[in-house]
Amino acid sequence: MRLLRSHRNEASLATLALVVLALGLFEVLQPGGRDVASLTGDVVTFNTLVRIGILTIVVVGLNVLMGYAGQVSLGQAAFYGLGAYVSGIFTTRAEVFGLPGGLEGAWWWPWLLMGVGMAFTGLFAYLVGRPILRLKGHYLAMATLGLGIMVYILFRENFGFRTSTVNLTGGFDGLFDIPRLRLGSWELWPITRYYFLVWLAALASIAVALNLVHSRVGRALRAIHGSEVAAEAMAVDTAEFKVRALVFSAMLASLAGSLYAHFQAAVSPGPFSFIGSLELVVMAAVGGLRNVWGAPLGVALILAIEEFLRAKGHELFAGIGSEAEPVVFGIILVLIMIFLPEGLTDGLRRLPRLWQRRSGTPAASSEVTS
Amino acid sequence: MSVDAEVQQFLRKRRPAHQARGQQIAWAGVTLALLAAILYLGSQKNFGPLQYAQLVLDGLRGGTIYALIALGFVTVFNVTGIINFAQGGFVMLGAMLAVTINDWGALAQWSPGPRLAAAVLAAVLATTLIGVLVERLTIYPARNAEPLTLIIITVGVYIVMQGVALIVWGTDAYSLPAFTTLAMRDRTFRLGTVIVKAQSFWIWGVTGVTMAVLYYFFEHTMWGRALRACSVNRLAARLMGIRPDRMSMLAFGLAAAMGAIGGIVLAPATRPVYDMGLSLGLKGFVAAIMGGLVNPPAAVVGGILLGIIENVGAGVTRAGIKDIFSFIILIWVLLFRPQGLFGRQQTVEKV
Amino acid sequence: MSALPGPLASTEGVETPPLLEVRGVSMVFGGLLALNNVHTRVLPGQIKAIIGPNGAGKTTLFNIVTGIYAPTQGEVFFKGEPIQGLKPHAIAARGITRTFQTIRLFHGMTALENVMVGLHRHTRAGFIHAALRLPLARHEERRMREQAMDLLDRVGLAHVAEEEATHLPFGVQRVLEVARALATRPDLLILDEPASGLNESEGRRLMALLREIRDEGTTILLVEHDMELVMELAEEILVLVYGTPIAEGPPAAIRRHPEVIAAYLGDEELFVEPSLGRRMQEA
């Protein structure tokens, strides 16, 4: 049975899986005493690879939502945060909700919460998506932006409760001591174990998204992107498909959020702010929105740039150090958007053709002159 | 009955008429309920009329700044169709540049008054120039891109501005002397327990003058009229010999100037920081949306309303959730009044 | 009671229930009357045309029938059931589909994929089936691909199946849009100026195709400016002027109808070459 529709995507997925496996084994075995970080001169660490995996899951969902269904979300970090906080809150203070304290010790409890988080976030996305997705273009962008900031404020402000009476989110400081994941008594930690779990989820989400976009559902979403009126004339329930695409992306974001919470063993509101949402959009756009493979590519590139600037920034920009990071980041972003508005995947795809055109130009012009 | 009579009849009893009445009732109901909620929450904190007056006055001050920023959004959107996220960056740059120039050693022997005036003027001019540069370097090369691409570009520009500000000014909060006293301590006026800083009057006054100048510019000057023509119909404007890309540049310059003015007059009342632009820009944007995004006077009213609502809302609840009110308003307006609080219902989209 | 001209002889006394019936539909846009008490019916198996000068409300009527607008007043019945006010996709699911005056193919998708969207109505696989590639999704996918290919083959576009739809020549795009609409297997196919922008031979081919489609049992309702084509193709014509129906009947009768001649046919230019300004407004 074929897992995916296209051989090329299957091959790409297999390649990515092999790379993931190779890097993981490298870190485990440490041949010649070298670890993964040493491969890039301590710029891209093993920790970064795990974060790339986690964010890939979020950005894959965003890619389907924005690139295929054509619905902008500038508040995706809210869904990411909901997953993280559901996991964080219920694994550290289940008793606030009157749940028996023993649950927090059960190995299956965090796994169940991952599912609960996805269901809850999906439901939330459905409820807010129904009205909000009636909006288009700029207006949709702004509504999702507002929504994202509201959710962020609720996290930061402990849902409006005084932390002294009911402490849910820990306010600014967030939650600590979130347990690692376990299978029975086998802990998915140290990081080398967790890495494989995260990337398993990331590869699965890529496979699922590839299946989706090359199906009846994916075509309906792309049709909506092309022309809602025409899609409706083809009996596509555009309102429903749009909101389901949002739910899909929100559930992936929630899954990633849960994985993030157990990875950091702590959750604070910072990553789920407006800037967090923007970074997600930037990753998706830089990778290329009309291609699922843009997600891992964009996430890896942006995180690599960030890590590089953090590690080497002070050498490149004497005396300035890591403060140069946002500037360089912003400039790269603007340049990519001006010169490769369809993202890197599109740029790579066009590379052979550009090459042809360049080598073909003299011939064409000589034809004209003769 | 003839067809004409039939048509006449339902022209008269068309739905919008009684829909409008129903809407009015709903509006009145919602407003009353909100007022009741505010009064209830306020009574929990033993607020009297004076406390409310204070909240409204402070909100009015913030709202005036939002109005100025909103005008920048509206100007750029009208002419180019772009939502310029970098608008908040102009506000920050204006304030920071004014502080820096005012503290500049070369001007140390000037007397405080002219020095401050020179600093303000130079900061506005410099920010305007930066606005024009931003348009030339980032918007112009991508002028045919999709809206999302342009949004991301302006976001990138904002990130660069804030990043540069971080390098130049660090994370410290700075201060600009109050315009009245030319010192850090501002004069205050007291009406009972209600306190108004003199700087507030500067904010209102300068904003008022700026709007008057803008009005004159748009109504009575050639460039202003050309800008307006561009916002009505870009193609027609081009046919009339107006170059839309020049207008785009002009719009960004104007927006930057407005943002800078807002940041500068606000600076003595708050304390400018490198990342102040984000939240101010977003609020200005909400104000512009409240005004329907294309209507300058409505954006001004939207800004003032927003300032008052969020300040009163935060006052009766908690300061920490102040920002949430603007975003509740944002989503509410987008969903129920996408044409703005004062705009007329749009006609059906043509297919 | 009504000032409406009665239906002309041919439709009178026909017993078959109409496939589509428009009853007293009026549409007001911001005080402007776009349609004024329009009554008309389309019988099963008919090719019916609506003609009229620009601004006559033809497209508006289409938009009401396909659910894009809800009429200000009046009712629309399809297969005997009221459909006015239903969402467009719900109406499409009942068997009405359409093409557009300005072609609306889905960009970023191949010709084949465009037609496959048309098959949406006859397939069921949702998000879960599709994401996990469950058997239902796989079977449907294979079937959709075959059927879409067959359809393309039939309209003579098999050779462009893998080309991006919006990059095809204009005339090809028109035909592709018809193929996409046909994929929904509609009972009523609504065509908004299908021949506009086509050259003589493309127009001929389209006409032949439309006849074939009709012969296979699909009812066709179209708006068209090409009078020659309309007169040759349509079995019945409704004439709208400023939103008001002024005549209805077979082509021969319409050609002789004094009001039509007075209001419309006498001024050939009016509908053969619509003014530039009008065009721009509509685009």
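Start with helix α7 of chain C, residues 200-215: it lies across β3, β7 and β8 of chain C. Its run makes about 145 degrees with β8(C). Keep in mind that this is a predicted model. Below, we go from the sheet under that helix to the place where chain C touches chain A.

**The sheet in chain C**
- Six strands of chain C make up an open sheet, and reading across it gives β6-β7-β8-β3-β9-β10.
- The pairing in that sheet is mixed.
- At the edges sit β6 (96-98) and β10 (244-249) of chain C, each with pairing on one side only.
- From one strand to the next, the twist averages 20 degrees.

**Zooming in on β6 and β7**
- β6(C) goes parallel with β7(C), the strand at residues 188-192, and 3 bridges link the pair.
- One residue pair to look up here: I96(C) has L188(C) of β7(C) as its bridge partner.

**Another helix on the sheet**
- Helix α1 of chain C (residues 58-65) packs on the sheet too, touching β3 (47-51), β6, β7, β8 (219-223) and β9 (236-241) of chain C.
- The direction of α1(C) is at about 150 degrees to that of β7(C).

**Where chain C meets chain A**
- Chain C puts 34 residues into the contact, and chain A puts in 26 residues.
- On the chain C side, α2 (88-94), β6, α3 (111-118), α4 (127-132) and α5 (135-154) each chip in at least two residues.
- So what is the make-up of the side of chain C that touches chain A, by nonpolar, polar and charged residues? It splits into 16 nonpolar, 10 polar and 8 charged.

Note on methods. Residues are numbered from 1 along each chain as its sequence is written. Chains are lettered from A and ligands numbered from 1 in the order in which they are written. This is a predicted model: local features need pLDDT of at least 70, side-chain atom pairs count only at pLDDT 80 or more; totals for chains, interfaces and linings use all residues. Two strands pair if DSSP finds at least two bridges between them. Helices (H or I, at least four residues) and strands (E, at least two) are DSSP runs, numbered from the N terminus. Axes are lines fitted to C-alpha atoms, for helices over the stretch in contact, and angles run from 0 to 180 degrees between N-to-C directions. Two residues are in contact if their C-beta atoms, placed from the backbone, lie within 7 Å. Ala, Val, Leu, Ile, Met, Phe, Trp, Tyr, Cys and Pro count as nonpolar, Asp, Glu, Lys and Arg as charged, and the others, Gly among them, as polar.
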